[in-house]
Amino acid sequence: METSLATKPRGGVPALRFRYLNPGDVDELAGLWAALHERHESTAPHLEDIITRVNADESWRRRRAQYLAWLHEPETLAVVAEREGVSVGYAMVTIRENQQGSWDRGSRVAVVQTLAVLPDHVGTGVGSGLLDELRSQVGAMGIHDLELTALATSSEDIRFFEQEGFRPFVTTMVSRIGGFGGHD
């Protein structure tokens, strides 16, 4: 997966190219993660009373460590979308064994851990292009389901994911244990 695949130009917008990262390339994602972290802060202020927010540097330090751990798993995918040589978005996808239950989802499921698009490139096909690329790659692995999470208050993201064929499946609820708020 070292090769870069191009997408068709969309409405005069230059084509996307995809590049796959190795653990040594993770630091390339710092700026893209910072933009996503800022979006998280602005989209979910309602969580501050139960979850302590961390600053962008600490957030990246934690996520970077997680990315490195994930990328040591052979099937993890880290793909960067580039437009005219500039990184404009990325996705990090892990593969997990699927616990069989009420739905037949196959023995493995692909989990989009991160899907980030720079604010100036939202609505230009970057997110759709990344999802198409991921579907192609995980489908070739024999995986049938791609899942992701979205902040409950991010109606724009949820609308986009639904347009991309995703449907609500489970809802994650959060509660602070033994305290009254995020800053106990």
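Start with the sheet: select the five strands of this predicted model, and you will find that the 5 strands form an open sheet in the order β1-β2-β3-β4-β5, with mixed pairing. At its edges lie β1 (16-20) and β5, each of which pairs on one side only. If you look along the sheet, the twist from one strand to the next averages 30°.

Next, select β1 together with β2 (residues 77-83), two strands that run antiparallel and are joined by 5 bridges. For a single pair within this stretch, pick Arg 17, whose bridge partner in β2 is Glu 82. Now add helix α2 (residues 56-71), which packs on the sheet and touches β2, β3 (86-97) and β4 (108-117), while its direction makes about 55° with that of β3.

With the sheet and this helix in view, show the whole protein, whose secondary structure comes to 4 helices and 5 strands. Following the chain along the sequence, you will pass these elements in the pattern β-α-α-β-β-β-α-β-α.

From here, move to the loop between α3 (126-140) and β5 (146-148), and select Asp 145, which lies in that loop. Is Asp 145 exposed, partly exposed or buried? Its relative accessibility is 23%, and because buried means under 20% and exposed means over 50%, Asp 145 counts as partly exposed. Which residues does Asp 145 touch, once its neighbours within four places in sequence are left aside? They are Arg 105, Val 109 and Ala 110. Of these, Val 109 is worth displaying with its backbone: the C-alpha atoms of Asp 145 and Val 109 are separated by 5.4 Å, although the two residues are 36 apart along the chain.

The next stop is on the surface, where you can select Trp 103, Phe 169 and Val 170, which make a nonpolar patch of about 370 Å². To place Val 170 in the chain, look in the segment after α4 (155-163). Val 170 counts as exposed because its relative accessibility is 63%.

Finally, colour the whole protein by accessibility: of its 184 residues, 36% count as buried. The accessible surface comes to about 11000 Å², and 52% of this belongs to carbon and sulfur atoms. If you then display contacts between residues at least 6 apart in sequence, 62% of them join residues at least 24 apart.

Note on methods
Residues numbered from 1 in each chain as written. Predicted model: local features only at pLDDT ≥ 70, side-chain atom pairs only at ≥ 80, totals over all residues. Heavy atoms only, no water. Patch = residues over 30% accessible without salt bridge, like charges linked within 9 Å, V, L, I, M, F, W, Y side chains within 5 Å. Areas by Shrake-Rupley, 256 points an atom, 1.4 Å probe, with all protein chains shown as cover. Salt bridge = Lys/Arg side-chain N within 4 Å of Asp/Glu carboxyl O. Buried < 20%, exposed > 50% of the residue type's maximum accessible area, 1.4 Å probe, protein only. Contact = heavy atoms within 4.5 Å. Pairing = 2+ DSSP bridges. Axes fitted to C-alpha atoms, helices over the stretch in contact; angles between N-to-C directions.
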